[in-house]
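This report describes the fold of one protein chain, taking its cysteines, its sheet and its helices in turn. The sequence and structure come first.

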Amino acid sequence: MSDAMIAESIMISGHGGDTIEAYSARPLEPGKQVGGVVVIHHMPGYDAGTKEIARTFAVHGYNAMLPNLYWREAPGASPDDAAAAARAVGGVPDERLVGDVAGAAAFLRGLSTSNGKVGVIGYCSGGRQSFLAAVSLPLEAAVDCYGAFVVGDPPAGMPLKVGPIVDKTPDLSCPLLGLFGAEDKYPSPSEVAELESALKAAGKTYEFHSYEGAGHAFFSVNRPAYRPEAAVDGWQKIFTFFGKYLA
C-alpha cells in the first residue's frame, strides 16, 4: 500500500449549515474505495498533534476529516487561544457537536473514493463526543479514547458545561471500542465499569481495554502523560477495529 496522501485545510458545512474549518487527509490510491474516519480533537483543540492523527489514518488507507469544533468561537486563532475561548463559554454544546460531526461524515461519504462507511474517534473531551455522535448518528464504528463525563458530572470549577450521557446507550448505532488508563480520574475505572454495564444491559457490541500505569492522555506524544506501550497497543487495537467495521 502506498503512503501517498493529500492533507489540507478546507471548509465544510457543519451544524445548522454553518461553514467551519476542517482538516482533510486522504490517501492517493486511484480507484480504491475506502472507509472514512471523523477525528474529534481533544480539549486543547484543533492542534498539530490531532492533525498528525488524521494523517496517520490517511497513511493507513482511510479518508480522515478533523472538524475544528472551536471555529465559531475563534476563527483563525491559535489552538491555545481557540481552546481558551471555547472553555470560557463552557465548551462545545452537544447539539452543535452532533451537527458538526454529521457534516464531516456527510463530506466523507460524498467523496468519490468513499465506500460509504464512516467511523468516529475522539480523545479526552472528544472521547465523550465520539460516544455522543455514535448515539445520535448512523455510524459504522466509534472509538472512545478516555472520554470523561459519559458517566458522571464534571467537578466543581471545571469549565465544561456538560452532563452524563450514559442514559443514551440504548441508542448506540454501531460497535464501540473504548481505550482507558487505569490510573485516570476522568473517567475513573468505576465510571468505565458503569458504562460497560450499560452497554451489556443494552446488548451492544463493544470492546474495552484499560492500561495499567497509564492515566489520562496516554496517546499524547508531546505530553508527560504519554505512555508508549499503552499507546502502541492502543493504535494496534484501533486499526484492527476499524479494519473490521470500515473496510
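## Cysteines, sheet and helices

Cys-145 is buried, with a relative accessible area of 0%. The model discussed here is predicted. Cys-124 also counts as buried, because its relative accessibility is 15% and the cut-off for buried is under 20%.

Do these two residues form a bond, or do they stand apart? A disulfide is a covalent bond between the sulfur atoms of two cysteines. The sulfur of Cys-124 has its closest cysteine sulfur in Cys-145, at 11 Å, which is too far for a bond, since a disulfide needs the two sulfur atoms within 2.5 Å. Cys-145 is therefore in no disulfide, the nearest cysteine sulfur being that of Cys-124. The count of disulfides is 0.

The strands come next. An open sheet is built from 8 strands with mixed pairing, in the order β1-β2-β4-β3-β5-β6-β7-β8. Strands β1 (5-13) and β8 (206-211) stand at the edges; each has a single partner strand, so one side of each is left without a neighbour in the sheet. On average, neighbouring strands are turned by 20 degrees against each other, direction ignored.

Strands of a sheet pair through backbone hydrogen bonds, either parallel or antiparallel. Two pairs from this sheet are set out below.

| Strand pair | Direction | Bridges | Opposite residues |
|---|---|---|---|
| β1 and β2 (residues 19-27) | antiparallel | 9 bridges | Glu-8 and Ser-24 |
| β5 (residues 114-123) and β6 (residues 141-145) | parallel | 5 bridges | Tyr-123 and Cys-145 |

The buried Cys-145 thus returns in the table, as the residue of β6 that stands opposite Tyr-123. Helix α5 (residues 189-202) packs on the sheet, where it touches β6, β7 (176-181) and β8. The direction of α5 makes about 165 degrees with that of β8.

At the other edge, β1 and β2 form a hairpin with 5 residues between them. Gly-16, in the turn, has a positive phi of about 65 degrees.

Two further helices pack against each other. Which angle do α3 and α4 make? Helix α3 (residues 94-109) and helix α4 (residues 125-134) pack at about 75 degrees, and their axes are 10 Å apart. That makes α3 roughly perpendicular to α4, because angles of 65 to 115 degrees count as such. From α3, the contact is made by Asp-94, Leu-97, Val-98 and Val-101; from α4, by Arg-128, Gln-129, Leu-132 and Ala-133. These residues divide into 5 nonpolar, 1 polar and 2 charged.

Terms used: Residues are numbered from 1 along each chain as its sequence is written. This is a predicted model: local features need pLDDT of at least 70, side-chain atom pairs count only at pLDDT 80 or more; totals for chains, interfaces and linings use all residues. Side-chain values use heavy atoms; hydrogens and water are left out. Buried means under 20% relative accessible area, exposed over 50%, partly exposed in between (1.4 Å probe, protein chains only). Two strands pair if DSSP finds at least two bridges between them. Helices (H or I, at least four residues) and strands (E, at least two) are DSSP runs, numbered from the N terminus. Axes are lines fitted to C-alpha atoms, for helices over the stretch in contact, and angles run from 0 to 180 degrees between N-to-C directions. Contact means heavy atoms within 4.5 Å. Angles under 35 degrees count as roughly parallel, over 145 as roughly antiparallel, 65 to 115 as roughly perpendicular and the rest as oblique. Ala, Val, Leu, Ile, Met, Phe, Trp, Tyr, Cys and Pro count as nonpolar, Asp, Glu, Lys and Arg as charged, and the others, Gly among them, as polar.
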